[in-house]
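Q: Please take a close look at one part of this predicted model. I would like to know what lines the largest pocket, and what sits around it.

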Amino acid sequence: AERRVELLRLRFTEGLPIRDIARRWDEDRTRVHYHYARAREEFQQALREVVRLHDPSAPVEEECLRLLEHLA
C-alpha cells in the first residue's frame, strides 16, 4: 500500500511518467501500470467513503469530481 501511495505521489506531485517510475524502481512497466491503476481505484474509493461520511446526502460522484478539480 505504501508503494502505491508513493507511485501516486511520483506520478502527480513530480509529474513522472509511468515508464520513468518503472525505470527508477527497476520494475516492469506493465506491472507498474497495474499498480498505478489499482492505486487510483483505491484512492477514488477512499475519497467516496470520506465524502459519504461527511455528507451522506451529497451526490457522491459529483462531489468527488469537484474535490479532484480543486486538487488539480
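**The largest pocket and its surroundings**

A: Start with Q44, which is found in helix α3, spanning residues 29–54. Q44 is also one of the residues lining the largest pocket. Its relative accessible area is 26%, so Q44 counts as partly exposed; buried would require a value under 20%. Q44 and L65 are 21 residues apart in sequence, and their C-alpha atoms are 9.9 Å apart in space.

Now the pocket itself. Its volume is about 310 Å³. The lining consists of L8, R9, F12, T13, R40, F43, Q44, L68, L71 and A72. Three helices, α1, α3 and α4, each supply at least two of these residues. By class, the lining has six nonpolar, two polar and two charged residues.

How far can the model be trusted here? The mean pLDDT of the protein is 93. A value of 70 or more is reached by 100% of the residues. Among the elements, helix α4 (residues 60–71) has the lowest mean pLDDT, at 89. Helix α2 (residues 18–25) has the highest, at 97. Keep the α4 value in mind, as α4 is one of the helices that supply the pocket lining.

Next, the nonpolar core. In soluble globular proteins, nonpolar side chains tend to be buried together. The largest nonpolar core here has 10 residues: L7, L8, L10, L16, I18, I21, A22, V32, Y36 and A39. Helices α1, α2 and α3 each supply at least two residues of this core. L8 is listed in this core, and L8 also lines the largest pocket. L7 is another core member. Leaving aside residues up to four places away in sequence, L7 touches I18, I21, W25, V32, H35 and Y36.

R4 lies in helix α1, which covers residues 2–12. R4 counts as buried because its relative accessibility is 14%, and the cut-off for buried is under 20%. Beyond residues up to four places away in sequence, R4 touches H35, R38, A39 and E42. H35 is thus a contact of R4 and also of L7. A39, another contact of R4, belongs to the largest nonpolar core.

Finally, the loop between α3 and α4. P59 lies there. P59 is partly exposed, with a relative accessible area of 45%. P59 and V5 are 54 residues apart in sequence and 26 Å apart in space, C-alpha to C-alpha.

Notes:
Residues are numbered from 1 along each chain as its sequence is written. This is a predicted model: local features need pLDDT of at least 70, side-chain atom pairs count only at pLDDT 80 or more; totals for chains, interfaces and linings use all residues. Side-chain values use heavy atoms; hydrogens and water are left out. Helices (H or I, at least four residues) and strands (E, at least two) are DSSP runs, numbered from the N terminus. Buried means under 20% relative accessible area, exposed over 50%, partly exposed in between (1.4 Å probe, protein chains only). Contact means heavy atoms within 4.5 Å. pLDDT is the predictor's confidence in each residue, from 0 to 100. On a 1 Å grid over the protein atoms alone, a cavity is a set of points where a 1.4 Å probe fits but cannot get out, and a pocket is an open set with protein on both sides within 12 Å along at least five of seven lines; lining residues have an atom within 4 Å of a point. Grid points are joined across faces, edges and corners, and a volume is the space filled by probe spheres set on the points. Ala, Val, Leu, Ile, Met, Phe, Trp, Tyr, Cys and Pro count as nonpolar, Asp, Glu, Lys and Arg as charged, and the others, Gly among them, as polar. A nonpolar core is a set of buried Ala, Val, Leu, Ile, Met, Phe, Trp, Tyr and Cys residues joined through side-chain atoms within 4.5 Å.
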